[in-house]
Amino acid sequence: MRVLLVDDHPLFRAGLRAALESDPGVVVVGEAETAGEVPEAVKANGPDVVVMDISLPDASGLEATRRLAELTPQLPVLMLTMAADDGSLLAALQAGARGYLVKGAGREEVLHAVRTVAAGGAVFGADIAARITTLLSGSRMRDAGQLFPTLTAREAEVLDLVARGYDNHRIARELFLAEKTVRNHVTHIFEKLDVATRAEAVARARDMGLGDTGGGP
């Protein structure tokens, strides 16, 4: 079984490589540190499974996973990340990940997960599996307050409309606010999500399933 590791921490990659290759049936054929390196690394190494972190220096591992799902839909991705929150889990599922483990999982659990996704199955850590049904049911999927808990309720409403492609003027009309107030909300959203542009905010929101229920401005 050929595995590609995508993580920006060399020590973690080295430890994970050692853990995986302790199984004689597994070989790590390549490594990547950034999301941008992933497509070429896949093309060059022909892995059976990609083990992906969410937090990468140039872009989200979620975006890299989504791109792989478009380019090589048959290639399974296993998320192995520090992010244990519901929003990240939901976004990983929506991006096309076949499995999701939190870093700290034991060697046998990781090996089992790699084997399972390589065989076409899906696997999730025991503490995560119990939350999936709840996450995928009802309106919670689009509850920005749940997905972005640092935002106020009003900021969550604004973010959802930003993700739909509405400009500030349209958002002001939709929410019966002054356009200056909307601009202030957008500024606070950028700060809390640690993004610099509207496009980045839209990408983050759509990662979490927001913004797909309405048209543009």
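This dialogue walks through burial, a helix cap, strand pairing, enclosed and open spaces, and backbone angles in one predicted model.

Colleague: Before we start, what should I keep in mind about the numbering and the model?

Modeller: The model is predicted, with local features needing pLDDT of at least 70 and side-chain atom pairs counting only at pLDDT 80 or more, whereas totals for chains, interfaces and linings use all residues. Residues are numbered from 1 along each chain as its sequence is written, and side-chain values use heavy atoms, with hydrogens and water left out.

Colleague: Which residues of helix H3 are buried?

Modeller: Buried means under 20% relative accessible area, exposed over 50%, and partly exposed in between, with a 1.4 Å probe and protein chains only; helices (H or I, at least four residues) and strands (E, at least two) are DSSP runs numbered from the N terminus. In H3, which spans residues 61–71, the buried residues are Gly61, Leu62, Ala64, Thr65 and Leu68. They lie on the same side of H3 because they cover an arc of only 160° around the axis, the arc being that of the directions from the helix axis to the C-beta atoms. The face turned away from that buried side carries the exposed residues Glu70 and Leu71.

Colleague: Which residue caps the N-terminal end of H3?

Modeller: Ser60 does, with a side-chain oxygen 2.9 Å from the backbone nitrogen of Leu62.

Colleague: How does strand S1 pair with strand S2?

Modeller: Two strands pair if DSSP finds at least two bridges between them. S1 and S2 (residues 27–32) pair in the parallel sense over 5 bridges, and Val3 stands opposite Val28 in S2. S1 is also mostly covered, as 4 of its 5 residues are buried.

Colleague: How do I read a cavity as opposed to a pocket, and how many cavities of 30 Å³ or more are there?

Modeller: On a 1 Å grid over the protein atoms alone, a cavity is a set of points where a 1.4 Å probe fits but cannot get out, while a pocket is an open set with protein on both sides within 12 Å along at least five of seven lines, and lining residues have an atom within 4 Å of a point. Grid points are joined across faces, edges and corners, and a volume is the space filled by probe spheres set on the points. The search of the whole structure finds 1 such cavity, and the largest cavity has a volume of about 40 Å³. Strand S1 (2–6), helix H1 (10–21) and strand S3 (49–52) each supply at least two residues of its lining, and the lining residues include Phe12, Asp53 and Leu80.

Colleague: And what lines the largest pocket?

Modeller: That pocket holds about 610 Å³ of space, and of its 23 lining residues the closest to its centre are Ile54, Ala59, Ser60, Arg204 and Asp207. H3 and H11 each supply at least two lining residues, and H11 gives the most, with 4 residues. In H11 (residues 198–207), Ala201, Val202, Ala205 and Asp207 are buried.

Colleague: Where does Phe176 lie, and what is its phi?

Modeller: Phe176 is in the loop between helix H9 (168–175) and helix H10 (179–193), and has a positive phi of about 55° although it is not a glycine. Phe176 counts as exposed, at 77% relative accessibility. Asp194, in the loop between H10 and H11, likewise has a positive phi, near 60°, and counts as exposed at 70% relative accessibility. Gly209, which follows H11, has a positive phi near 90°.

Note on methods. A polar contact is a pair of N or O atoms within 3.5 Å; within protein, one must be able to donate a hydrogen and the other to accept it, and residues adjacent in sequence count only if both atoms are side-chain atoms.
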